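Open the model in your viewer and keep the selection tool at hand. This tour goes stop by stop, saying what to select and what is there.

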Amino acid sequence: MDANLGDFSEPRPVCELSSVGRRRKSDNKASTYGINYLLSNWTNDNHVSSGTGTPWKTRKYSPGVDGLHEEVVDFYNFMSPRPEEAAMRKEVVNRIETVIKELWPTANVQIFGSFSTGLYLPTSDIDLVVFGKWERPPLQQLEQALRKHNVAEPFSIKVLDKATVPIIKLTDQETDVKVDISFNVETGVKAALFIKDYTKRYPVLPYLIFVLKQFLLQRDLNEVFTGGISSYSLILMVISFLQLHPRIDASSPNINLGILLIEFFELYGRHFNYLKTGIRVKNGGAYMAKEDMTKVMTNGYRPSMLCIEDPLMPGNDVGRSSYGAMQVKQVFDYAYIVLGHAVSPLARSYPNKDIDSTLGRIIKVTQEVIDYREWIMTKWGGRHLARMESRGKIMCVCVCVRNNLCV
């Protein structure tokens, strides 16, 4: 998709090792560190799910972009949150909220981020914000309370008091879910409402977001401090792409997701001029010259390489801390090349055409993630059913009482 913004650089092949370079493999269950994606085989048993890394593929797809569309839908359905996963996360929130309420009974704890919007992958973080009356965020006080109650893995609690938004990071001891806790920051809650509104405007948005989040997550490019971009930046990029699409009415639910995915990678991997152009999504969306955006920036900041105007705080550049934006551009370009070849008519003559996954050429689901989800199903499935049965009994009692049916 040519956005008439000028090429930032000539396309070039990308060696698809993890984009964090030679850094040690992280504790990211979805990471495919060390796998070379230019190889079509996927045979490392430590990573493989059923030998393929594509557990969402259970049928033969149509050729070309139609098949890619079908596969994106299957991937979305497979990776979407299950009731048991939601129940487990609610338990984590309740556990932390209990500690907070013990410290500050009048505090208000709210969920934002992907758990709030429903756009979370199996290993995504939970974002919490605590509202109360403090002159400064009481980070150390909450840290001590969390340690005292053994809520988190002991070495996982980190207090980031020098960050732009001071937070506590931890990993829940029982579930291995990562949690970020901030104080008195309203923007996250407002952003979640903003995203929910756009998922209603663009029914295709969640499908693209799930694929793109997985794509960045497995490359350790899903967080700013690992050299990637934030989920909020990614979502705003997708919204802008849909708003300004030159040919397609992106609010239609019947668009071909395969075409959209390839065109997204083409735009941000190849055509978007990161040097001169900023992204604006408010008022229907627009591309802005960075020179013009400088005039409205707060605190004397200059537009960053990935410059995205915050629709909720116009003077704020959402991409300001995304120092690894060019790494993200590079892997987007790689994905455009790979998918473009995979859906071309020539691909039909490939010897493995009946078993190969087009989407699986750029994303995989590790066996570790599959095992984690199965563990959640086993452990929380019983609890979920028990709660459902309990609610059913309560409903039955209520109906009986209301209709004078009790014996």
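**Stop 1: the cavity**

Select A30, M79, L121, P122, T123, Q214, L217, V365 and V369: together they line the largest cavity. This is a predicted model, so everything on the tour is computed from predicted coordinates. The space inside the largest cavity comes to about 30 Å³. How many cavities of 30 Å³ or more are there? The count is one. Colour the lining by residue class. Seven of the lining residues are nonpolar, two are polar and none is charged.

**Stop 2: rings along helix α5**

Next, show the aromatic side chains. The whole structure holds 21 aromatic pairs. Zoom in on F194 and Y198, whose ring centres are 4.8 Å apart; their planes meet at 50 degrees, so this pair is tilted. Now show the backbone. F194 and Y198 both belong to helix α5, residues 187–201, and sit four residues apart, about one helical turn. Are these two residues buried or exposed? Both F194 and Y198 are buried.

Keep Y198 selected and add Y202. Here the ring centres are 6.2 Å apart and the planes are at 20 degrees, so Y198 and Y202 are stacked. Planes under 30 degrees apart count as stacked. Y202 is buried, as is Y198.

Add R201 to the view. Its charged end sits over the ring of Y198, at 4.3 Å from the ring centre.

**Stop 3: the aromatic cluster**

Clear the selection. Pick F215, F241, F264, F265, Y268, F272, Y274, Y287 and F332, which ring pairs link into a cluster. Stay on F215 and add R219. R219 lies over the face of F215, 3.9 Å from the ring centre.

**Stop 4: the start of helix α6**

Select helix α6, residues 205–217, and find L205 in it. L205 has 0% relative accessibility, so it counts as buried. Now add I235 and draw a C-alpha to C-alpha distance. L205 and I235 are 30 residues apart in sequence, yet 8.4 Å apart in space.

**Stop 5: strand β4 and its partners**

Select strand β4, residues 167–171. Why is this strand described as largely enclosed by the rest of the structure? Five of its five residues are buried. Show the side chains. I167, K169 and T171 point one way, while I168 and L170 point the other way, and all are buried.

Add strand β3, residues 158–160. It runs antiparallel to β4, joined by three bridges. For a landmark, find K158, which stands opposite K169 of β4. The two strands make a hairpin, with six residues between them.

Then add strand β5, residues 178–183. β4 and β5 also pair in the antiparallel sense, over five bridges. At this pairing, T171 has K178 of β5 as its bridge partner. β4 and β5 form a hairpin too, with six residues between the strands.

**Stop 6: two positive phi angles**

Stay at the turn of the β4–β5 hairpin and select D176. D176 is not a glycine, but its phi is positive, at about 70 degrees. It lies in the loop between β4 and β5. With 33% relative accessibility, D176 counts as partly exposed.

Move on to N150. This residue, also other than glycine, has a positive phi near 55 degrees. Where is N150? It lies in the loop between α4 (139–148) and β3. At 54% relative accessibility, N150 counts as exposed.

**Stop 7: a three-stranded sheet**

For the last stop, select β6, β7 and β8. They form an open sheet in the order β7-β6-β8, with mixed pairing. Which strands are at the edges? They are β7 (286–289) and β8 (307–308), each of which pairs on one side only.

Focus on strand β6, residues 277–280, and on β7. Four bridges join these two strands, and they run antiparallel. Pick I279 in β6. Opposite it stands Y287 of β7. Y287 has come up before: it is one of the residues in the aromatic cluster. Leave Y287 selected and bring back the cluster to see the sheet and the rings in one view.

Definitions and conventions
Residues are numbered from 1 along each chain as its sequence is written. This is a predicted model: local features need pLDDT of at least 70, side-chain atom pairs count only at pLDDT 80 or more; totals for chains, interfaces and linings use all residues. Side-chain values use heavy atoms; hydrogens and water are left out. Rings of Phe, Tyr and Trp (its six-membered ring) pair if their centres lie within 6.5 Å; planes under 30 degrees apart count as stacked, over 60 as edge-to-face and the rest as tilted. Buried means under 20% relative accessible area, exposed over 50%, partly exposed in between (1.4 Å probe, protein chains only). A charge sits over a ring if NZ of Lys or CZ of Arg is within 6 Å of the ring centre and within 35 degrees of the ring normal. On a 1 Å grid over the protein atoms alone, a cavity is a set of points where a 1.4 Å probe fits but cannot get out, and a pocket is an open set with protein on both sides within 12 Å along at least five of seven lines; lining residues have an atom within 4 Å of a point. Grid points are joined across faces, edges and corners, and a volume is the space filled by probe spheres set on the points. Ala, Val, Leu, Ile, Met, Phe, Trp, Tyr, Cys and Pro count as nonpolar, Asp, Glu, Lys and Arg as charged, and the others, Gly among them, as polar. Two strands pair if DSSP finds at least two bridges between them.
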